[in-house]
Amino acid sequence: PSGGRVLNETETKIGGVPGRVLDFVLQKGAEVGYISYVTLINKDHAFTITFGGPKKEENLEMKKIVDSLRFL
């Protein structure tokens, strides 16, 4: 991420589909954003999901929502 600091990069499976997650922090002045970027490839289609917010706890809740995705 341009101007950000990477917290971690991990492999994952969401709905049985393999992918990667990049977690990073962006800071602009006093504002901080904890952001996650998820990349998945399923049946020759690429999916990206980006979410974040000013509180780490909110980011964890959003991860739970993304983890609930299912592919047909």
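## Close-ups of a predicted four-strand, one-helix chain

**View 1. Asn-8 and its partner across the first strand pair.** Asn-8 sits opposite Asp-23, a residue of strand E2. This is a predicted model, so keep that in mind for every view here. Strands E1 and E2 run antiparallel and are joined by 10 bridges. The two strands make a hairpin with two residues between them, and in that turn Gly-15 has a positive phi of about 60°.

**View 2. Asp-23 again, now looking on to strand E3.** Asp-23 also has a bridge partner in E3, namely Ser-36. E2 and E3 are antiparallel too, with 10 bridges between them. Here as well there is a hairpin with two residues between the strands, and Gly-29 takes a positive phi near 65°.

**View 3. Glu-9 on strand E1.** Glu-9 belongs to strand E1. Which residues does Glu-9 touch, leaving aside those up to four places away in sequence? They are Arg-20, Val-21 and Leu-22. For Glu-9 and Val-21 the C-alpha to C-alpha distance is 5.6 Å, although the two are 12 residues apart in sequence.

**View 4. The whole sheet, strand by strand.** The four strands make an open sheet, ordered E1-E2-E3-E4, with antiparallel pairing. Strand E1 (4-14) and E4 are the edge strands, each pairing on one side only. From one strand to the next, the twist averages 20°. As for the last pairing in that order, strand E3 (residues 31-42) and E4 are antiparallel over nine bridges.

**View 5. The helix over the sheet.** The chain has one helix and four strands, and along the sequence they follow the pattern β-β-β-β-α. Which strands does H1 lie across? H1 lies across E1, strand E2 (17-28), E3 and E4, and it runs at about 155° to E4.

**View 6. The largest nonpolar core.** Seven residues make up this core: Ile-14, Val-17, Val-21, Val-38, Leu-40, Phe-51 and Val-66. E2 and E3 are the elements that give two or more residues to it. As background, nonpolar side chains in soluble globular proteins tend to be buried together. Val-21, the residue paired with Glu-9 in the distance of View 3, is one of the core members.

**View 7. Val-17 and its contacts.** Val-17 is part of the largest nonpolar core. Not counting residues up to four places away in sequence, Val-17 touches Thr-12, Leu-40, Ile-41, Asn-42 and Phe-71. Leu-40 in that list is a core member as well.

**View 8. Asn-42, a buried residue in strand E3.** Asn-42 lies in strand E3, and its bridge partner in E4 is His-45. Is Asn-42 buried or exposed? It counts as buried because its relative accessibility is 16%, which falls under the 20% cut-off. With residues up to four places away in sequence set aside, Asn-42 touches Val-17, Phe-47 and Phe-71.

**View 9. The aromatic pair, Phe-47 with Phe-71.** The chain has one aromatic pair. Phe-47 and Phe-71 form it edge-to-face, with 5.2 Å centre to centre and 65° between the planes. The pair counts as edge-to-face because its 65° between the planes is over the cut-off of 60 degrees. It links distant parts of the chain: Phe-47 is in strand E4 (residues 45-53), while Phe-71 is in the segment after helix H1 (56-67), 24 residues apart. Phe-47 is partly exposed at a relative accessible area of 32%, and Phe-71 is partly exposed at 24%. Both values put these residues in the partly exposed class because they lie between the 20% and 50% cut-offs. Asn-42 touches both Phe-47 and Phe-71, and Phe-71 is also touched by Val-17.

**View 10. Stepping back to the full chain.** The C-alpha atoms fill a box of roughly 40 × 25 × 15 Å along the principal axes. Of the 72 residues, 24% count as buried. The accessible surface comes to about 5,200 Å², and 55% of it belongs to carbon and sulfur atoms. Among contacts between residues at least 6 apart in sequence, 19% join residues at least 24 apart.

Notes. Residues numbered from 1 in each chain as written. Predicted model: local features only at pLDDT ≥ 70, side-chain atom pairs only at ≥ 80, totals over all residues. Heavy atoms only, no water. Phe/Tyr/Trp six-rings, centres within 6.5 Å; stacked < 30°, edge-to-face > 60°. Buried < 20%, exposed > 50% of the residue type's maximum accessible area, 1.4 Å probe, protein only. Pairing = 2+ DSSP bridges. Axes fitted to C-alpha atoms, helices over the stretch in contact; angles between N-to-C directions. Contact = heavy atoms within 4.5 Å. Areas by Shrake-Rupley, 256 points an atom, 1.4 Å probe, with all protein chains shown as cover. Core = buried A, V, L, I, M, F, W, Y, C linked by side-chain atoms within 4.5 Å.
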